[in-house]
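This report covers a single protein chain, its fold, its largest pocket and its nonpolar core.

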Amino acid sequence: MPEYCVTGGTGFIAAYLVKALLEKGHLVRTTVRDPEDVGKVGFLWELNGAKEKLKMFRADLMQEGSFDEAIQGVDGVFHTASPVLVPNDDNVQAKLATT
């Protein structure tokens with residue numbers, strides 16, 4: 001069975017890719033900023049098949065080489081990770097709506 005890596009595993013699209021791949025029986029690797037943050041990654045471990053077929057890796061797009069281990073030897077990569085480069089602002093939604 002092929003093994004895939006989905007970057008940015010806690011993102012909306014990535015989480016659905018992880019779920020779909022697991023449901024098809026694939027081995028799945030995913031990257032997240034902090035694999036120990038249960039509040040952010042816990043839902044991934046609850047997906048059907050995750051305990052047996054999911055591996056989680058720490059990676060950050062702003063750190064060169066941090067994805068190397070996660071993608072080494074996989075059959076394919078779904079690259080959905082995106083850096084979060086929003087200025088510190090309490091009203092981000094309003095600011096984005098005006099630009």
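A pocket, as the word is used here, is an open set of grid points with protein on both sides within 12 Å along at least five of seven lines. The model examined for such spaces is a predicted one. Its largest pocket holds about 420 Å³ of space. This pocket is lined by 25 residues, and those closest to its centre are Gly8, Thr10, Val32, Arg33 and Ser82.

By residue class, the lining of the largest pocket is made up of 13 nonpolar, seven polar and five charged residues. Three elements, helix H1 (12-23), strand E2 (27-32) and helix H2 (38-45), each contribute at least two residues to this lining. H1 contributes the most, with three residues.

**Fold and surface**

The protein contains five helices and four strands. Read from the N terminus, the order of elements is β-α-β-α-α-β-α-β-α. Some whole-chain values are tabulated below.

| Property of the protein | Value |
|---|---|
| Buried residues | 34% of the 99 residues |
| Contacts between residues 24 or more positions apart | 63% of the contacts with a separation of 6 or more |
| Exposed area | about 6800 Å² |
| Carbon and sulfur atoms | 52% of the exposed area |

**Nonpolar core**

In soluble globular proteins, nonpolar side chains tend to be buried together. The largest nonpolar core of this model has 15 residues, and the members that touch the most others are Val18, Leu22, Val28, Leu44 and Leu54. At least two residues of this core come from each of strand E1 (3-7), H1, E2, H2 and strand E3 (54-58). H1 provides the largest share of the core, five residues.

Leu54 can be followed through its contacts. With residues up to four places away in sequence left out, Leu54 touches Val18, Leu22, Val28, Thr30, Leu44, Trp45 and Gly49. H1 thus appears in two roles: it gives the most residues to the lining of the largest pocket, and it also gives the largest share of the largest nonpolar core.

**Thr31**

Thr31 lies in strand E2. Is Thr31 buried or exposed? Its relative accessibility is 2%, and buried means under 20%, so Thr31 counts as buried. Beyond its neighbours within four places in sequence, Thr31 is in contact with Cys5, Val6, Thr7, Gly8, Gly9, Phe57, Ala59, Phe67 and Ala70. One of these partners, Gly8, is also among the residues closest to the centre of the largest pocket.

Conventions. Residues are numbered from 1 along each chain as its sequence is written. This is a predicted model: local features need pLDDT of at least 70, side-chain atom pairs count only at pLDDT 80 or more; totals for chains, interfaces and linings use all residues. Side-chain values use heavy atoms; hydrogens and water are left out. On a 1 Å grid over the protein atoms alone, a cavity is a set of points where a 1.4 Å probe fits but cannot get out, and a pocket is an open set with protein on both sides within 12 Å along at least five of seven lines; lining residues have an atom within 4 Å of a point. Grid points are joined across faces, edges and corners, and a volume is the space filled by probe spheres set on the points. Ala, Val, Leu, Ile, Met, Phe, Trp, Tyr, Cys and Pro count as nonpolar, Asp, Glu, Lys and Arg as charged, and the others, Gly among them, as polar. A nonpolar core is a set of buried Ala, Val, Leu, Ile, Met, Phe, Trp, Tyr and Cys residues joined through side-chain atoms within 4.5 Å. Buried means under 20% relative accessible area, exposed over 50%, partly exposed in between (1.4 Å probe, protein chains only). Contact means heavy atoms within 4.5 Å. Accessible areas come from the Shrake-Rupley method with a 1.4 Å probe; for residues, only the protein chains shown count as cover.
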